[in-house]
Amino acid sequence: MSSEIIKGSSPDIKKKPTPQPNPAPEPIDQPMTVGDLPEEIAEVPRLQPLVGEAIPDPIKDPVDESELVHRDFEEDAFWKHIPAFRDVTREEFLDYKFQNKNSVTKVKDLQEMLQGLASPEFIKDIGDGMAQAPMNMRLSPYVLSLIDWENPYDDPLRRQFIPVASTVVKNHPKLSLDSLHEQEDSPTPGLVHRYIDKALFLPLDVCPVYCRFCTRSYAIGTDTDSVEKVNYKSNPKHWNKAFAYLASRPEIEDVVISGGDTYMLSAQRVKDIGETLLAIPHIRRLRFATKGPAIMPMKILTDHDWTDALVGVVEQGRKMGKEVVLHTHFNTVNEITDISREAMNLLFKRGVKVRNQSVLIRGVNDNADKMINLVKQLSYMNVQPYYVYQHDMVQGVEELRTRIADTVEIERHVRGVTAGFNTPTFVTDVPGGGGKRDVHSYDYYDEVTGVSVYRSPSVDEDKVYLYFDPIDLLPPEGQARWADPKEHDAIVEEAIRAAGLSDLDLAVE
Ligand SMILES: *Cc1c(COP(=O)(O)O)cnc(C)c1O
Ligand code: SF4
């Protein structure tokens, strides 16, 4: 309504036809009349004065149930359809020790747990996939139970955590293992200092799950058949070096504690790291980062020592006027159940702010409806959607990447569906160490060759950074050019020239 008024007073209104009055709203099936409040509202004592109040005429059509699906949380004993968990009670399933003890890391164990639920061909496909994958596999019973084993190829959790050989697409020729060049910004193992006022502390290299698309596949987990990992050598003895560096840099106000994954830190270590960092006077903000709530939410409910340690650091920070929050990593509503909601609710009640960072992944969350549903469900359980990342150029997972154009289009649909503070920013962490860029902020983008050109003045104003769409999604003309290695330099030069940035240095040669 108010935007109509503003438009009406703008000078160019004269060019427009005379505005017609709004048509009367379509009559709806059952017009609301006096006292027509939903029963559960009319029963609330505090709302008694509303009962009998004439309800103003509706200006919107009644909302369809399908638009409220984000309020549905899986409440059934969904794990019971896995043969190995048929007799597992809710209490047992909620015990984080049960989850840890029964997490699967080998194909053979997976096959045993499923007892025929997945076909032998599919199991063989996983074995072959593991042989080429840059990441290990680790599946909690929670994750295992949420996968649709009747259609595992399309399942968004399977796609994130279980490699199969049959869907592998050739790596992009411009792709490297440490695409973000984190090792170049690392003053000591386990610390990345790229942006001036913030740093990334990687105290460990293990996770409660291994994501196929992990940016740090160069270091996270143990060696696989295809990748020998960089060793952080980041055990507690070495943490003091990182702390000493942080303490020596007065410009650092913000530390992300990631990994690996802080779910794997003991309660004592969460406390030690938190208290040490809070004690450094210039550090004002801490974030503990973990994928845990998405793949094992029950730990928050039943590992009391760990949760108390986290809450303790948050409370101590608050007393000091410093912010300590949890950053988590839900990628799809398929990871969210009633257990997640309970866990997030517990953190909310105990004063722990939770934000979410997703990765946009092909076949997982790469359409507007899925992303909107995720954003709304996260918001509904008080988790603030913060970022959606363009999938990094990581080895061995080309079939999971999307085009920049797809990401931009999804963002366009998501913005405006809910509160601005719950609307994630879509970013590209540009290869070559340029850091995060708003996905829309490219200087040039060629949908045929899939090259996008970014600048990152806050990191290095003399450099130009490129991201490359996956080749299998390009139009035939673009695919043909990439098929010819002699064309590659020309493709890159053209894009930089078209951006008008030929005088800058290319971040990655
Ligand atoms: C993402 C990131 C951060 C944190 O960045 P925010 O935009 O503040 O979330 C810090 N350091 C590094 C190296 C990062 O990649
Ligand atoms: S949990 Fe995070 S660090 Fe660990 S594998 Fe997944 S994306 Fe990588």
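## Exercises on two helices and a ligand shell

Just after α16, G416 takes a positive phi of about 105°. Keep in mind as you work that this is a predicted model.

**Exercise 1.** Find which residues of helix α16 are buried.

*Solution.* Start with the span: α16 covers residues 404-414. Then go along the helix and pick out the buried positions, which are I404, A405, T407, V408, I410, E411 and V414. Past the end of α16 you meet G416 with its positive phi.

**Exercise 2.** Work out how the buried residues of helix α17 are arranged around its axis.

*Solution.* First, list the buried residues of α17 (residues 476-483): G478, R481 and W482. Next, look down the axis of α17: these buried residues fall within an arc of 95°, so they line one face of the helix. A general rule helps here: an α-helix has 3.6 residues a turn, so residues three or four places apart point the same way. Finally, turn to the other side of α17, where P476, E477 and A483 are exposed.

**Exercise 3.** Describe the surroundings of ligand 2, then decide whether C207 and C211 are buried or exposed.

*Solution.* Begin with the space: the one ligand 2 takes is the largest cavity. Around the ligand are M135, C207, V209, Y210, C211, C214, G260, D261, K291 and H329. Sorted by class, this shell has six nonpolar, two polar and two charged residues. Now apply the cut-off for buried, under 20% relative accessible area. C207 has a relative accessibility of 10%, so C207 is buried. C211 also has a relative accessible area of 10% and is therefore buried. As a last check on cysteines, the structure holds zero disulfides.

Methods
Residues numbered from 1 in each chain as written. Chains lettered and ligands numbered in written order. Predicted model: local features only at pLDDT ≥ 70, side-chain atom pairs only at ≥ 80, totals over all residues. Heavy atoms only, no water. Disulfide = S-S within 2.5 Å. Buried < 20%, exposed > 50% of the residue type's maximum accessible area, 1.4 Å probe, protein only. Near = heavy atom within 4 Å. 1 Å grid on protein atoms, 1.4 Å probe; cavity = no way out; pocket = protein on both sides within 12 Å on 5 of 7 lines; lining within 4 Å. Sits in = over half its atoms within 2 Å of the grid points. Nonpolar A, V, L, I, M, F, W, Y, C, P; charged D, E, K, R; others polar. Helix = DSSP H or I, 4+ residues; strand = E, 2+ residues; numbered from the N terminus. Arc of directions from axis to C-beta.
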